[in-house]
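Student: I have the sequence and the 3D view open, but I don't know where to start. Could we go through the model together?

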Amino acid sequence: NNSACEPERVIVLYLTTIARSLLGNPALLDETLPITSTSNEGVTLSYGPRELIHMYIVMFKGIESNSNGALHKKLWLLLMLSLLPPTPSPTVYSTHLLQMMDQLLEICLSVLAHQPASSNPEPYDVGFDSEEETIETGKDAYRAMLDVEAKKDITNTADVQSAFQLKMAGLASTLGNDVYQLILSTVEPVILQQLERIVNQTA
């Protein structure tokens, strides 16, 4: 409710841009985070890798259920899965994701249960506010360009379910069975059961 804050839909766009960047280079923000500041009360505030991951998880449920929302959700989930061990090189996000495994797997379930692995989200299209004017010139060419680029986009070329299965198998191998089972013990059993059912149905 702070009028100085960006609207939630703008924050979603910021996070989507960061997700794309981190998918290409997971170490991109390593020298930037954490960001610190001092509040009016003199308290030191810090925003680091944990806070970024937490924001993706918290904001996920608020993403609108439309074609644009499907794009954001798939991209965010692909990012979070990619940052789990094993990774080509250690990341500053892995530990925090493992600590939030219950929430992450709940997100996995929501995406896999409501979005078939073969479905492709539509390219992002920015809407207009009521007071803004629309421009019709070149609209068809712009849409055609978006369609061409969308076919090459990771949200269309990547299979979330395959990424999930590969990452979970790699996680068990990397951490060892005891640690892996300990992490899964933080997840609601019903979530694990439903994920297993979805995976087995499409195996």
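**Walking through the model**

Student: On the other side of α9, which residues are exposed?
Tutor: You're looking at a predicted model, where local features need pLDDT of at least 70, side-chain atom pairs count only at pLDDT 80 or more, and totals for chains, interfaces and linings use all residues. Residues are numbered from 1 along each chain as its sequence is written, and side-chain values use heavy atoms, leaving out hydrogens and water. Exposed means over 50% relative accessible area, buried means under 20%, and partly exposed is in between (1.4 Å probe, protein chains only). The exposed residues on that other side of α9 are D178 and L182.

Student: And within what arc do the buried residues of α9 fall?
Tutor: Helix α9 covers residues 177-184, and Y180, I183 and L184 are buried there. They line one face of the helix, because, seen down the axis of α9 (taking directions from the axis to the C-beta atoms), the buried residues fall within an arc of 100°.

Student: Which helices do those buried residues pack against?
Tutor: Contact here means heavy atoms within 4.5 Å. By that test, the buried residues of α9 have four partners: α4 (94-99), α5, α8 (160-175) and α10 (189-201).

Student: Let's zoom out. How many helices and strands does the protein have?
Tutor: Helices (H or I, at least four residues) and strands (E, at least two) are DSSP runs, numbered from the N terminus. Reading along the sequence gives α-β-β-α-α-α-α-α-α-α-α-α. Count those symbols and you get ten helices and two strands.

Student: What share of the contacts with a separation of 6 or more joins residues 24 or more positions apart?
Tutor: Let's take burial before contacts: of the 203 residues in the protein, 35% are buried. As for the contacts with a separation of 6 or more, the share from residues 24 or more positions apart is 72%.

Student: How many salt bridges does a search of the whole structure find?
Tutor: Side chains of opposite charge can pair when their charged atoms come close. To count as a salt bridge, a side-chain nitrogen of Lys or Arg has to be within 4 Å of a carboxyl oxygen of Asp or Glu. Searching the whole structure that way, the number of salt bridges is three.

Student: How many residues apart are D153 and R20?
Tutor: These two side chains meet in a salt bridge, at 2.7 Å from N to O. D153 sits in the loop between α6 (139-152) and α7 (154-157), while R20 is in helix α1 (residues 8-24), so the pair links distant parts of the chain, with a separation of 133 residues.

Student: Which one of that pair is buried?
Tutor: R20 has a relative accessible area of 35%, so it counts as partly exposed. The other partner has a relative accessible area of 17%, so the buried one is D153.

Student: How far apart in sequence are the parts that K61 and E106 tie together?
Tutor: The side chains of K61 and E106 form a salt bridge at 3.6 Å, N to O. K61 is in the loop between α2 (49-60) and α3 (67-83) and E106 is in helix α5 (residues 101-114), so the parts tied together are apart in sequence by 45 residues.

Student: Is K61 buried or exposed?
Tutor: Its partner E106, at a relative accessible area of 34%, is partly exposed. K61 has a relative accessible area of 68%, so K61 counts as exposed.

Student: What separates K152 and E149 along helix α6?
Tutor: K152 and E149 form a salt bridge too, with their closest N and O atoms 3.4 Å apart. K152 is exposed at 57% relative accessibility, and E149 is partly exposed at 44%. They are three residues apart in helix α6, so what separates them is about one helical turn.

Student: Which residues does E6 touch, not counting residues up to four places away in sequence?
Tutor: Find E6 in the segment before α1. At 41% relative accessibility, E6 is partly exposed. Leaving out residues up to four places away in sequence, E6 touches I11 and Y14.

Student: Where is P34, at the end of the cis peptide bond from L33?
Tutor: The bond from L33 to P34 is cis, with omega near 5°. P34 itself lies in the loop between α1 and β1 (35-38).

Student: What is omega for the cis peptide bond joining P85 and P86?
Tutor: You'll find P86 in the loop between α3 and α4. For the cis bond that joins P85 and P86, omega is about 0°.
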